[in-house]
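Hi everyone, thanks for making time this morning. I'd like to walk you through one model, so let me put it on the screen.

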Amino acid sequence: PVLILLGPPGAGKGTQARMLEEKFGMVQLSTGDLLRAAVKAGTEAGRQAKAVMDAGGLVSDDIVIAILRDRLDAPDTLQGVILDGFPRNTPQAEALDLLLAEREQKIDAAISLEVDDAEMVTRISGRYTCAECGEGYHDQFKIPQKPGVCDACGGTDMTRRADDNAETVGSRLQAYHEQTAPLARYYRARGALHCIPAMDGIDDVAARLHAIVTSTR
Ligand code: AP5
Ligand code: ZN
């Protein structure tokens, strides 16, 4: 199956995608993670993406679609994919429909995590990640059992993202409302949209999500 996680920055898309991977054996495809990897690797696409990401805007559709297309063709995606952070505007949604049609696949559900703007800022400003395995944490909402030590891999190198600062968050939120939020209508028209309240704790949101995923399998 192909699932899309929609929702503003900080809504919990990455957190929930990782939980779905573990539970259902699907693969998380995060364009944000793929772009950060390209930046780190110093590729031409990464170089172009960096300035845009630091400013909180959307990277060009050409770059993002090319990165996603390559990743979709990797053999580990056969059990199903969870798209996290893609599509982010109507041209990307149309490109995705084409990419999937070429592979004789279709979207099973587009799930929108509904969070208000204030909660998003709180979640983003407290976020940090294990540099070794990518597990996400939060100063208030998800604290590792031993401070500074990753529950998942035991790593001790925790990092914060360059774009998780007050100025950039405002631009990311604006990009979301102007370009990404209208996708709800796109998927509603195709009968694929599910909206779930995502202001509650991580496990409550996960339970709602699992119910939808189970019903689409
Ligand atoms: P991207 O990496 O996709 O970032 P984002 O959309 O801003 O989303 P986040 O990763 O910030 O949030 P999330 O929803 O995954 O939340 P998380 O689970 O971490 O994109 C970054 C940039 O790349 C973009 O700005 C753009 O420039 C570029 N880009 C990416 N894709 C693109 C595309 N398709 N086109 C063009 N440009 C693109 O949770 C946040 C925190 O809250 C964590 O600390 C977590 O522990 C905590 N938390 C999660 N759920 C809960 C809960 N229920 N209760 C309490 N705390 C919670
Ligand atoms: Zn780790």
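Let me start with a question: which ligand 1 atom lies 3.4 Å from a backbone N or O atom of isoleucine 202? The partner there is a nitrogen atom of ligand 1. I'm using polar contact to mean a pair of N or O atoms within 3.5 Å; within protein, one must be able to donate a hydrogen and the other to accept it, and residues adjacent in sequence count only if both atoms are side-chain atoms.

Some housekeeping before I go on. This is a predicted model, where local features need pLDDT of at least 70 and side-chain atom pairs count only at pLDDT 80 or more, while totals for chains, interfaces and linings use all residues. Residues are numbered from 1 along each chain as its sequence is written, chains are lettered from A and ligands numbered from 1 in the order in which they are written, and side-chain values use heavy atoms, with hydrogens and water left out.

Back to ligand 1. It is surrounded by 33 residues, counting a residue as near if one of its heavy atoms lies within 4 Å. The closest are Thr15, Gly57, Arg88, Arg127 and Tyr137. Two glycines also reach the ligand through their backbones: an N or O atom of glycine 10 lies 2.8 Å from an oxygen atom of ligand 1, and for glycine 14 a backbone N or O atom is likewise 2.8 Å from a ligand oxygen atom.

What does the UniProt record say here? An unreviewed entry annotates Gly10, Ala11, Gly12, Lys13, Gly14, Thr15, Arg127 and Asp200 as "binding site". UniProt positions are given in the numbering used here, feature names are shortened, and annotations may be inferred rather than shown by experiment.

Let's look at two of those residues. Glycine 10 sits in the loop between strand E1 (2-6) and helix H1 (13-24), and alanine 11 is in the loop between E1 and H1 too. Helices (H or I, at least four residues) and strands (E, at least two) are DSSP runs, numbered from the N terminus. Glycine 10 is buried at 15% relative accessibility, and alanine 11 is buried at 3%. For that, buried means under 20% relative accessible area, exposed over 50%, and partly exposed in between, with a 1.4 Å probe and protein chains only.

As for contacts, meaning heavy atoms within 4.5 Å, and leaving out residues up to four places away in sequence, glycine 10 touches Met120, Arg123 and Ile124. With neighbours within four places set aside, alanine 11 is in contact with Leu113, Val115, Arg123 and Ala198.

Now, the metal. Which atoms hold the zinc ion, ligand 2? Its protein donors are the SG atoms of Cys130, Cys133, Cys150 and Cys153, at 2.3 to 2.4 Å. Donors here are N, O and S atoms within 2.8 Å of the metal (3.2 Å for Na, K and Ca), and water is not among the atoms, so sites may look incomplete. The four donor atoms subtend angles of 101 to 113° at the zinc ion, which makes the arrangement tetrahedral; four donors earn that word if all angles lie between 85 and 135 degrees. For reference, the ideal angle for four tetrahedral donors is 109.5 degrees.

In sequence, the spacing of the zinc donor residues is C-x2-C-x16-C-x2-C. Cysteine 133 lies in the loop between strand E5 (127-130) and E6, and cysteine 153 in the loop between E6 and E7, so this pair ties together parts that are 20 residues apart in sequence.

The unreviewed UniProt entry lists Cys130, Cys133, Cys150 and Cys153 under "binding site" as well. They span 24 residues in sequence, yet no two of their C-alpha atoms are more than 8.6 Å apart, so they gather at one spot.

Is cysteine 150 buried or exposed? Cysteine 150 is buried, at 3%, whereas cysteine 153 is partly exposed at 37% and cysteine 133 is partly exposed at 28%.

Finally, two backbone details. Phenylalanine 86 and proline 87 are joined by a cis peptide bond, with omega about -5°. Glutamate 104 has a positive phi, near 55°, in a residue other than glycine, and glutamate 104 is exposed at 77%.

That's my tour, and I'm happy to go back to any view.

Terms used: Four donors count as tetrahedral if all angles lie between 85 and 135 degrees; four count as square planar and six as octahedral if opposite donors are over 155 degrees apart and all others between 65 and 115; anything else is irregular.
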